[in-house]
Amino acid sequence: MLREGTLAEISDGRLYELNDLVRADCAGCAGCSKCCKSDMGTSITLDPYDVWLLCKGTGRTFEDMVEKEIKISMLDGLALPHMNMEYGCRFLDAEGRCSIHPYRPSICRLFPLGRYYENGDFKYFLQVHECTKQNRSKVKVQKWIDIEPIEEHTAFVRKWHNFLGLSRRKISEAKDPQQIRNYMLFLLDLFYVTEYDTEPEGIVGAKQQTALDSQKGNLDYEIFFEQFHRRMKTAVREMKHILR
């Protein structure tokens, strides 16, 4: 979700990279879940990685969560999913704590950081008006985000953001409302509704299976990114046919 305002108005004026220290550590938000209980509208947007990880962690499908924990809205000219934050996050438990913390969306992982996009790439900034936690500790950006493999995920975020920008430009040039609608439905189905098959293909022996099991998490991520890049090629190709 694109945000209005200058960097000076919403941050400490600095841009951070993965190895930089930033005063973002909220000490596990002990005794506080104010941001998660707030009506944050459509601000917690979900990219394909977020939804894949959420489905993998909960054992549920995207379609099962839509209109419950997830909603789809028009965001900056595109129909995209976001967390249902009306009256607070639906994934909070009885104690007001996050029940999906290991597989929470990337915007939640970042907070109180945000991403600043420029010239096809991005860096991080510290939001100064969003978190009420006082005396936050310094932490390395990469450790705070807590996403592995970070290199692949960073490349994914960059590619997805640039693709959404291209889609918005093509939609703004399109004349037929039905073509625009068809394209948005196509993107939702391709990147969110259609599940990602993260099971390794082929028959393996017992030793190989043991090795696979020990590396299962990494294999899942690798297979997801591989399938995402294939779907991205399909999306770019079909964009030309749908938005004529």
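What share of the contacts in the protein chain with a separation of 6 or more comes from residues 24 or more positions apart? The answer opens the first exercise below. The model is predicted.

**Exercise 1. Describe the chain as a whole.**

Step 1. Start with the contacts. Residues 24 or more positions apart account for 73% of the contacts with a separation of 6 or more.

Step 2. List the secondary structure. The protein chain has 10 helices and six strands.

Step 3. Turn to burial. The protein chain has 244 residues, and 41% of them count as buried.

Step 4. Add the surface. About 13,800 Å² is exposed, and carbon and sulfur atoms supply 50% of that area.

**Exercise 2. Find the salt bridge between Lys123 and Glu17 and place both ends.**

Step 1. Take the total. The structure holds 10 salt bridges.

Step 2. Check the distance. The side chains of Lys123 and Glu17 meet at 3.6 Å, N to O. The cut-off is 4 Å, so a pair at this distance qualifies.

Step 3. Place the partners. Lys123 sits in strand E5 (residues 121-126), and Glu17 in the loop between helix H1 (7-10) and strand E1 (21-25). The two are 106 residues apart, and the pair links distant parts of the chain.

Step 4. Read the accessibilities. Lys123 is partly exposed at 35%. Glu17 is partly exposed at 46%.

**Exercise 3. Explain the sequence spacing of Arg230 and Glu226.**

Step 1. Confirm the contact. Arg230 and Glu226 form a salt bridge, with the closest N and O atoms 3.0 Å apart.

Step 2. Use the helix. Both residues belong to helix H10 (residues 216-242) and are four residues apart, so about one helical turn separates them.

Step 3. Check exposure. Arg230 has 48% relative accessibility and counts as partly exposed. Glu226 has 46% and counts as partly exposed.

**Exercise 4. Trace the salt-bridge network that includes Asp64, then follow it to Asn84.**

Step 1. Name the members. Arg60, Asp64, Lys68 and Glu69 are linked in a network of salt bridges.

Step 2. Take one of its links. Lys68 and Asp64 meet through their side chains at 3.2 Å, N to O. Lys68 is partly exposed at 44%, and Asp64 is partly exposed at 30%.

Step 3. Move to Asn84. Beyond its neighbours within four places in sequence, Asn84 contacts Lys68, Glu69, Ile70, Lys71, Cys89 and Arg90. Lys68 and Glu69 are also members of the network.

Step 4. Is Asn84 buried or exposed? Its relative accessible area is 5%. Buried means under 20%, so Asn84 is buried. Asn84 lies in the loop between strand E3 (78-83) and helix H5 (106-110).

**Exercise 5. Pick out the backbone features in the loops.**

Step 1. Look for cis peptide bonds. One joins Phe111 and Pro112, with omega about 10 degrees. Pro112 is in the loop between H5 and strand E4 (113-118).

Step 2. Take another cis bond. Glu148 and Pro149 are joined with omega about -5 degrees. Pro149 lies in the loop between helix H6 (141-145) and H7.

Step 3. Look for positive phi. Tyr87 has a phi of about 65 degrees, although it is not a glycine. Tyr87 lies in the loop between E3 and H5. Its relative accessible area is 70%, so Tyr87 is exposed.

Step 4. Go back to the H6-H7 loop. Asp146 is found there. Its phi is near 60 degrees, a positive value in a residue other than glycine. Asp146 is partly exposed, with a relative accessible area of 48%.

**Exercise 6. Which residues form the negative surface patch?**

Step 1. Name the members. The patch consists of Glu148, Glu151, Glu152 and Glu222.

Step 2. Test one of them. Glu151 has a relative accessible area of 57%. The patch cut-off is over 30%, so Glu151 passes. Exposed means over 50%, so Glu151 is exposed.

Step 3. Place Glu151. It is found in helix H7 (residues 150-173).

Step 4. Connect the patch to the backbone. Glu148 is a patch member, and Glu148 also takes part in the cis peptide bond to Pro149.

Technical notes
Residues are numbered from 1 along each chain as its sequence is written. This is a predicted model: local features need pLDDT of at least 70, side-chain atom pairs count only at pLDDT 80 or more; totals for chains, interfaces and linings use all residues. Side-chain values use heavy atoms; hydrogens and water are left out. Patches are made of residues with over 30% relative accessible area and no salt bridge: like charges are joined within 9 Å, nonpolar side chains (Val, Leu, Ile, Met, Phe, Trp, Tyr) within 5 Å. Accessible areas come from the Shrake-Rupley method with a 1.4 Å probe; for residues, only the protein chains shown count as cover. Lys and Arg count as positive and Asp and Glu as negative; His and the chain ends are not counted. The place of a charge is taken as NZ of Lys, CZ of Arg, CG of Asp or CD of Glu. Buried means under 20% relative accessible area, exposed over 50%, partly exposed in between (1.4 Å probe, protein chains only). Contact means heavy atoms within 4.5 Å.
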